[in-house]
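Student: I have a new model open and would like to learn how to read it. Can we go through it feature by feature?

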Amino acid sequence: MTTYRSESPTETEQLGQKLAAQLEPGTVVAFFGGMGMGKTVFTRGLARGLGCTESVSSPTFALVQEYGGQPPLVHFDMYRITTWDDLDSTGFYDYIDMGYILAVEWSENIENALPEDAVRVEIKKADNDENARMITIDRGQSE
């Protein structure tokens, strides 16, 4: 487990890009953190690191956004997921089996469904600085 201090959205995005280079197909990146903490910004960095050229935005209303990349990236918003049927309807498990990298916002809502080897990324405000974040990355067994 490693904790980083990010002073800006740009630094948060750069950290996501750096992590992308270390991910294998089928990896779940599970985000934990409140509204506006930078989960989508971090995902934008993942996308850039995987070679995605599409614009990355929060999948709040669509629930799932597919992007290109190598391996391809799929971005989930689990904020409104409350049942196993809801989760199944997103294609969550199918994307893992197809070798996508999964960026999963609001992973708190599907904690029991996350694979044991999920990369956990917790983002919190650092202090009174509006842009500063403490970002903890836990790669679990792979660290």
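Tutor: Yes, and keep in mind that this model is predicted. Let us start with a loop. Threonine 90 sits between α3 (84-89) and α4 (92-97).

Student: Is threonine 90 buried or exposed?

Tutor: Threonine 90 has a relative accessible area of 8%. Buried means under 20%, so threonine 90 is buried.

Student: What does threonine 90 touch, leaving aside its neighbours within four places in sequence?

Tutor: Its contacts are Val64, Phe76, Met78, Ile81 and Tyr95. There is also a polar reach: the side chain of threonine 90 comes to the backbone oxygen of leucine 87 at 2.6 Å.

Student: How far apart are threonine 90 and alanine 62 in space?

Tutor: From C-alpha to C-alpha they are 9.8 Å apart. In sequence, 28 residues separate them.

Student: Now another loop. Where is glycine 99 found?

Tutor: Glycine 99 is in the loop between α4 and β5 (101-105). Its relative accessible area is 16%, so glycine 99 is buried. Beyond its neighbours within four places in sequence, glycine 99 contacts Pro25, Gly26, Pro71 and Pro72.

Student: What separates the C-alpha atoms of glycine 99 and methionine 78?

Tutor: A distance of 20 Å, with their positions 21 residues apart along the chain.

Student: β5 comes after that loop. How do I read a strand's two faces?

Tutor: Begin with the general idea. In a regular strand, side chains alternate between the two faces of the sheet. Now take β5. One side carries Ile101, Ala103 and Glu105, and the other carries Leu102 and Val104. Both faces are covered.

Student: How many residues of β5 are buried?

Tutor: 5 of its 5 residues.

Student: Which strands pair with β5?

Tutor: β2 (residues 28-32) pairs with β5 in the parallel sense, over 3 bridges. β4 also pairs with β5 in the parallel sense, over 5 bridges. Look at valine 104 in β5. Alanine 30 stands opposite valine 104, and phenylalanine 76 stands opposite valine 104 too.

Student: Let us move to histidine 75. Where is its place?

Tutor: Histidine 75 is in strand β4, which covers residues 73-77. The relative accessible area of histidine 75 is 0%, so this residue is buried.

Student: Which polar contact joins the side chain of histidine 75 to another side chain?

Tutor: The partner is glutamate 105, at 2.7 Å. The side chain of histidine 75 also reaches the backbone oxygen of serine 57, at 3.5 Å.

Student: Which residues does histidine 75 touch, not counting those up to four places away in sequence?

Tutor: They include Thr40, Thr43, Val56, Leu63, Gln65, Tyr67 and Ala103. Glu105 and Ser57 are also among the residues that histidine 75 touches.

Student: Last topic: pockets. How do I find empty space?

Tutor: Rolling a probe the size of a water molecule over the atoms shows where empty space is left. Here the largest pocket has a volume of about 220 Å³.

Student: Which residues lie nearest the centre of the largest pocket?

Tutor: Gly36, Met37, Gly38, Lys39 and Thr40, out of 19 lining residues. Two elements give two or more residues to this lining: α1 (9-20) and α2 (39-49). The largest share, 3 residues, comes from α2.

Student: What is the lining like by class?

Tutor: The lining of the largest pocket has 9 polar, 5 nonpolar and 5 charged residues.

Conventions: Residues numbered from 1 in each chain as written. Predicted model: local features only at pLDDT ≥ 70, side-chain atom pairs only at ≥ 80, totals over all residues. Heavy atoms only, no water. 1 Å grid on protein atoms, 1.4 Å probe; cavity = no way out; pocket = protein on both sides within 12 Å on 5 of 7 lines; lining within 4 Å. Points joined across faces, edges and corners; volume = space filled by probe spheres on them. Helix = DSSP H or I, 4+ residues; strand = E, 2+ residues; numbered from the N terminus. Nonpolar A, V, L, I, M, F, W, Y, C, P; charged D, E, K, R; others polar. Buried < 20%, exposed > 50% of the residue type's maximum accessible area, 1.4 Å probe, protein only. Polar contact = N/O pair within 3.5 Å; in protein donor to acceptor, adjacent residues only side chain to side chain. Contact = heavy atoms within 4.5 Å. Pairing = 2+ DSSP bridges.
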